[in-house]
Amino acid sequence: MSKSKLMPTVVLSAICICVVALLAAINLFTAPVIKENQEKKVQEALLEVMPNGGTFEAVDIVAGLPETITDVFVSSNGGYVFQTKVKGFKSGMIIVCGIDKDGYITGTKCIKSQETNGAENILPEKYVGKTLADYESVEIIANSTKTSDGYKSAITDAFAAFSILTGGNE
Amino acid sequence: MMSEKKKLSILLKGIIKENPVLILVLGTCPTLATTSSVISAFSMGLVATLVLVCSNIVISALRKIIPDTVRIPCYIVIIASFVTIMQMLLEAYLPSIYDMLGVYLALIVVNCIILGRAEMYARKNTVVDSALDGLGMGIGFLLALLVMATIREVFGAGSFAGFTIPYLESFKIPILTQAPGGYLVFGLVIAGMNVLTAKRGGVKRKSFACDGCAMKESCSGECSENKEKEDKADV
């Protein structure tokens, strides 16, 4: 292979290797801080979606729960908080949903998203107090159909998981 | 003395004469998206400036090593790496700013200003000049965002940087904080800039050749040479 054909490949590869090394080095000291921030955010979100929840304990994910459920917490008063990862307009929308022992939604919150319309911040209050019987009546937000649908699918999965964990007595 | 004057002119040209947003009309997406509040506009401007300065320095330093055929992929890799570094640092140490900028933080990678300065300036000039050019363009971008955000937040939300302005709160125009208001304010600010530059004998807008180009001074005229070659090839 001639030098003129080899050089571009070598230079681009060398730049990529340097960049990867630099990013790996920075990730080494930012990753623990980011993880800590996210855990703090989750704890704050747990209390926000279930203010009277007392203390929360992580529960192992059992077989049969919807695939979108990433974490389950049980509160000291018998309620459950589900963390789901669903797709809205973009993927990776993380929503926490609190359901008390009587099957009422105590609160929901989007803790991470790449959505651009901000609908994920308007939707939470619409679901408070809803049950499995009437949560589907929450209307979508105009111009944010995919975000609204994604949010609703997270609530559907949370109710499905609640039903499994409580033996279907919601 | 002459050299100092030249360096100062490299730094200052990005602020008014070659302002990337208001004269070159580049980086319109983040300009419209992040100027609904002063804090998000300031954060975006600052992050873009840092990326611009760093990428200009690295691209200028590597300009003799990077072959022409792969220069654009190389520039993109370098710019993307600085954006990713900024993302990681913001997510770790300033999470509220990270959440506020959202998807627009990652979109800095495809910001025309950054790639444009790499292609137009950094690959042809020294490291110091490129750093000054990046800083000047970054400050110009930041100032344009701040002007837009101030108008939109003050008159659209009746507040400044989150602090409510008592009298204006009763007379706010909410559409200014939304997309149509963004376009309206953008047009008005560009019009204002045109008036300002016209008074100073600014850019000859009616010419479509090199004389009408705001980047005439930093461009070596390669674009017109290339066009001539293409025209000849077509014939």
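Me: Leaving aside its neighbours within four places in sequence, with which residues is B:Phe141 in contact?

Reply: This is a predicted model, in which local features need pLDDT of at least 70 and side-chain atom pairs count only at pLDDT 80 or more, while totals for chains, interfaces and linings use all residues. Residues are numbered from 1 along each chain as written, with chains lettered from A and ligands numbered from 1 in the order written. With contact taken as C-beta atoms, placed from the backbone, within 7 Å, the partners of B:Phe141 are B:Pro20, B:Val21, B:Gly27, B:Gly45, B:Ala48, B:Thr49 and B:Ile113.

Me: Which element gives the largest share of the largest nonpolar core?

Reply: Such a core joins buried Ala, Val, Leu, Ile, Met, Phe, Trp, Tyr and Cys residues through C-beta atoms within 7 Å, buried meaning 20 or more other C-beta atoms within 10 Å of a residue's own. Of its 50 residues, B:Phe141 is among those that touch the most other members, together with B:Val51, B:Ile78, B:Phe82 and B:Leu145. The largest share, eleven residues, comes from a helix (a DSSP run of H or I, at least four residues), namely α3(B).

Me: Which helix of chain B gives the most to the side that touches chain A?

Reply: The contact takes 20 residues from chain B and 17 residues from chain A. Twelve residues on the side of chain B come from residues 71–93, that is, from helix α4.

Me: How many of the residues in chain B count as buried, as a percentage?

Reply: Chain B contains ten helices and two strands (E, at least two residues). Of its 235 residues, the buried share is 37%.

How values were computed:
Contact = placed C-beta atoms within 7 Å. Buried ≥ 20, exposed ≤ 12 C-beta atoms within 10 Å, placed from the backbone.
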